[in-house]
Amino acid sequence: GGTLKILALASSNPNYIYAGDYYNLYRTSDGGTTWINITAGLPVTTSAITYLAVSNTNPLNIWITLSGYSDGNKVFNSTDGGSSWTNISGTLSNVPVDCIVYLNNSNDEVFIGTDFGVYYRNSSMSDWTAYDNGLPHVIVNELEIQYATHKLRAATYGRGLWETEISFAGVSVPEINTDNTLGIYPNPAKGIFEIKSNNNKIQNIKISNALGEKIVESVIDNEQTTVDLTGNAKGIYFVQIIDEKKNITNKKVIIQ
């Protein structure tokens with residue numbers, strides 16, 4: 001009967017919806033017919049819930065952000081739809097966290113907007129890192145990802161709108177293409193292109209379109225593979241390659 005401040009739909013399963021106010025959070029897994037309270041484990045006596053993000057591939061993998069000045073209570077993650085929570089605040093400054101956005105089809109890459117700029121983290125990292133080069137240190141009220149251009153856009157309090165290109169590999173993910181050992185040829189391509197490694201065998205490739213939708217996922221065991229996207233729309237596609245040493249490389253390919 002109160003005023004809802006939080007609302008998020010799981011794109012991978014629309015039966016899962018999350019809703020709440022500043023101090024209570026609820027989940028439905030049957031499209032809204034029944035709801036359960038999933039607030040237990042969150043520090044809502046000292047902080048207020050400000051935002052919720054859901055993985056686009058797992059409706060139970062969620063993140064919430066918290067306002068207030070309770071040190072160490074800034075961001076929580078749950079992999080079971082809120083039945084239990086893990087504090088992933090790390091060493092974030094004791095300022096309110098106002099919003100969060102999840103990068104689709106990623107290594108659980110999330111960006112948060114705080115009262116002092118933007119921070120980034122993925123599942124391979126043990127803490128947050130600043131993602132605010134050139135951005136004023138002001139309140140960031142909203143973050144959105146524009147997948148067609150692969151931009152992260154931020155709405156601030158008093159300093160307007162800002163955008164930056166997302167490094168698809170994230171900040172701390174190791175890459176094997178720093179010395180040009182892996183490439184895509186030709187690029188741009190008419191639809192068919194080759195992925196080639198000079199050092200290690202390619203074990204897995206994933207290709208997503210500009211909307212973050214997975215187009216190709218393939219397991220291979222070779223230094224080179226051919227990809228055919230001729231049946232797909234023209235535009236930018238994002239290619240993630242994992243080699244035999246579990247290094248991750250992320251590249252863009254343009255289909256003309």
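A polar contact here is a pair of N or O atoms within 3.5 Å, where, within protein, one must be able to donate a hydrogen and the other to accept it. In this predicted model, the side chains of D132 and H137 make one such contact, at 3.2 Å. D132 sits in the loop between strand 12 (129-130) and strand 13. D132 is buried yet has no salt bridge. What is the nearest side chain of opposite charge to D132? That turns out to be R159, which is 12 Å away. A salt bridge calls for a side-chain nitrogen of Lys or Arg within 4 Å of a carboxyl oxygen of Asp or Glu, so a partner 12 Å away does not qualify.

Elsewhere, charges do pair up, and the structure holds five salt bridges. One of them joins D221 and K201, whose closest N and O atoms are 4.0 Å apart. This pair ties together distant parts of the chain, with D221 in strand 19 and K201 in the loop between strand 17 (192-197) and strand 18, 20 residues apart. As for accessibility, D221 is exposed at a relative accessible area of 52%, while K201 is partly exposed at 31%.

E217 takes part in a small group of its own. Its salt bridge with K206 has the closest N and O atoms 3.7 Å apart, and that pair too links distant parts of the chain, from E217 in strand 19 to K206 in strand 18, eleven residues apart. Both partners count as partly exposed, E217 with 44% relative accessibility and K206 with 31%. E217 also meets K214 in a salt bridge, with 2.7 Å from N to O. Taken together, K206, K214 and E217 form a network of salt bridges.

K206 turns up again in the pockets. The second largest pocket holds about 250 Å³ of space, and of the 16 residues that line this pocket, T57, N105, S106, K206 and Q240 are the closest to its centre. Strand 18 (202-208) supplies the largest share of the lining, three residues; strand 19 (214-222) and strand 21 (235-243) each give at least two. By class, the lining divides into four nonpolar, eight polar and four charged residues.

The largest pocket has a volume of about 370 Å³. Its lining counts 19 residues, with L9, A53, V54, V101 and Y102 the closest to the centre. Two or more lining residues come from each of strand 1 (6-9), strand 5 (49-54), strand 9 (97-102) and strand 13 (140-146), and strand 5 gives the most, with four. Here the lining has 14 nonpolar, four polar and one charged residues.

Notes: Residues numbered from 1 in each chain as written. Predicted model: local features only at pLDDT ≥ 70, side-chain atom pairs only at ≥ 80, totals over all residues. Heavy atoms only, no water. 1 Å grid on protein atoms, 1.4 Å probe; cavity = no way out; pocket = protein on both sides within 12 Å on 5 of 7 lines; lining within 4 Å. Points joined across faces, edges and corners; volume = space filled by probe spheres on them. Nonpolar A, V, L, I, M, F, W, Y, C, P; charged D, E, K, R; others polar. Buried < 20%, exposed > 50% of the residue type's maximum accessible area, 1.4 Å probe, protein only. Lys, Arg positive; Asp, Glu negative; His and termini not counted.
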